[in-house]
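Biologist: I am new to reading protein models. Could you walk me through one, feature by feature?

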Amino acid sequence: MEHYTFEIFSCDQMNEFGLKIASSVPNGVVIGLLGDLGAGKTTLVRGVARGLNIKEVVQSPTFNIMKLYLKGDRPLIHIDAYRLADLNTDIGLDEYIGYETGITMIEWPLFIKDLLPENTLWIEIKSTGETSRHIDVYSEDKTLVEGLK
Ligand SMILES: Nc1ncnc2c1ncn2[C@@H]1O[C@H](COP(=O)(O)OP(=O)(O)O)[C@@H](O)[C@H]1O
Ligand SMILES: [Mg+2]
């Protein structure tokens with residue numbers, strides 16, 4: 001695993017990190033977002049959406065499970081797997097995980113761990129204060145992590 005850790009101190013900086021992801025992560029990549037409720041996972045997805053010129057409002061997909069944004073520079077797939085925890089049903093989500101022309105970002109990814117590729121780009125967010133966050137980026141694919149430095 002290649003790791004890259006850093007600290008941020010504001011929502012603005014989380015947004016900037018999202019812009020960086022939008023400009024550097026190749027198509028087909030799956031991003032697993034780890035962190036407690038309120039850590040900033042959805043906020044980061046919003047930053048990525050902005051970076052991809054997606055104009056729609058990105059909300060927590062908790063009640064949709066998945067939302068597909070197709071009107072930006074490239075597709076963004078936003079999945080919240082929280083409610084899939086106890087659902088032993090195949091709902092065809094695998095079609096969208098690693099969507100070949102875009103980026104897939106998954107909140108609560110461990111609930112669908114079996115569907116995630118080996119080269120998943122993991123982003124772990126830990127709250128260290130009201131607006132400060134510790135971010136740990138890691139993947140088996142070294143180049144994905146290098147691209148975000
Ligand atoms: N540096 C930061 N990065 C992200 N969110 C932050 C930050 N500082 C404060 N926040 C606040 O924390 C909350 C994060 O919520 P959200 O992104 O929905 O988290 P999650 O999706 O992980 O549950 C928002 O209210 C946001 O304004
Ligand atoms: Mg969320």
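Modeller: Happily: we will go through the sheet, one of its strands, the core, the ligand shell and two unusual residues. Keep in mind that this is a predicted model.

Biologist: Let's begin with the sheet. How many strands form it, and in what order?

Modeller: The general idea is that strands of a sheet pair through backbone hydrogen bonds, either parallel or antiparallel. Here 7 strands form an open sheet in the order 1-7-6-2-5-4-3, and the pairing is mixed. Strand 1 (2-8) and strand 3 stand at the edges with a single partner strand each, so one side of each has no neighbour in the sheet. From one strand to the next, the twist averages 15°.

Biologist: Mixed pairing sounds tricky. Which strands does strand 4 pair with, and do they run parallel or antiparallel?

Modeller: Strand 4 shows both kinds. With strand 3 (residues 66-69) it runs antiparallel, joined by 4 bridges, and a hairpin of 6 residues connects the two. With strand 5 (residues 103-107) strand 4 runs parallel, and 5 bridges join them. You can follow this at L76: it stands opposite Y69 and also opposite I103 in strand 5. For another antiparallel pair, look at strand 6 (residues 121-127) and strand 7 (residues 133-139), which share 6 bridges; there S127 has R133 in strand 7 as its bridge partner.

Biologist: Are the residues of strand 4 buried or exposed?

Modeller: To judge that, count the other C-beta atoms within 10 Å of a residue's own: 20 or more means buried, and 12 or fewer means exposed. In strand 4 (residues 76-80), 5 of its 5 residues are buried. Both faces are covered, with L76, H78 and D80 on one side and I77 and I79 on the other.

Biologist: What lies across the sheet?

Modeller: Helix 2 lies across strand 2 (30-34), strand 3, strand 4, strand 5 and strand 6, running at about 165° to strand 5.

Biologist: Which residues touch the most other members of the largest nonpolar core?

Modeller: That core has 34 residues, and I31, V48, L76, L121 and I123 touch the most other members. Helix 1, helix 2 and strands 2, 4, 5, 6 and 7 each give two or more residues to it. Our friend L76 is a good one to click on: leaving aside residues up to four places away in sequence, it touches V48, A49, L52, I54, Y69, G102 and I103.

Biologist: Now the ligand. Which residues come nearest to ligand 1?

Modeller: There are 16 residues around ligand 1, and M14, G40, K41, T42 and T43 come nearest. Helix 1 (11-24) and helix 2 (41-51) are the elements that give two or more residues to this shell, and helix 2 gives the most, with 3. By type, the shell has 5 nonpolar, 8 polar and 3 charged residues.

Biologist: You promised two unusual residues. What is the phi of N53, and what is the phi of W108?

Modeller: As a rule, most residues other than glycine have a negative phi. N53 is not a glycine, yet its phi is positive, about 60°. W108 also has a positive phi, near 55°.

Biologist: Where do they sit, and is each buried or exposed?

Modeller: N53 lies in the loop between helix 2 and strand 3, and it counts as exposed because it has 11 C-beta neighbours inside 10 Å. W108 is in the loop between strand 5 and strand 6, and W108 is buried, with 20 other C-beta atoms within 10 Å.

Technical notes
Residues numbered from 1 in each chain as written. Chains lettered and ligands numbered in written order. Predicted model: local features only at pLDDT ≥ 70, side-chain atom pairs only at ≥ 80, totals over all residues. Near = placed C-beta within 6 Å. Nonpolar A, V, L, I, M, F, W, Y, C, P; charged D, E, K, R; others polar. Pairing = 2+ DSSP bridges. Axes fitted to C-alpha atoms, helices over the stretch in contact; angles between N-to-C directions. Contact = placed C-beta atoms within 7 Å. Core = buried A, V, L, I, M, F, W, Y, C linked by C-beta atoms within 7 Å.
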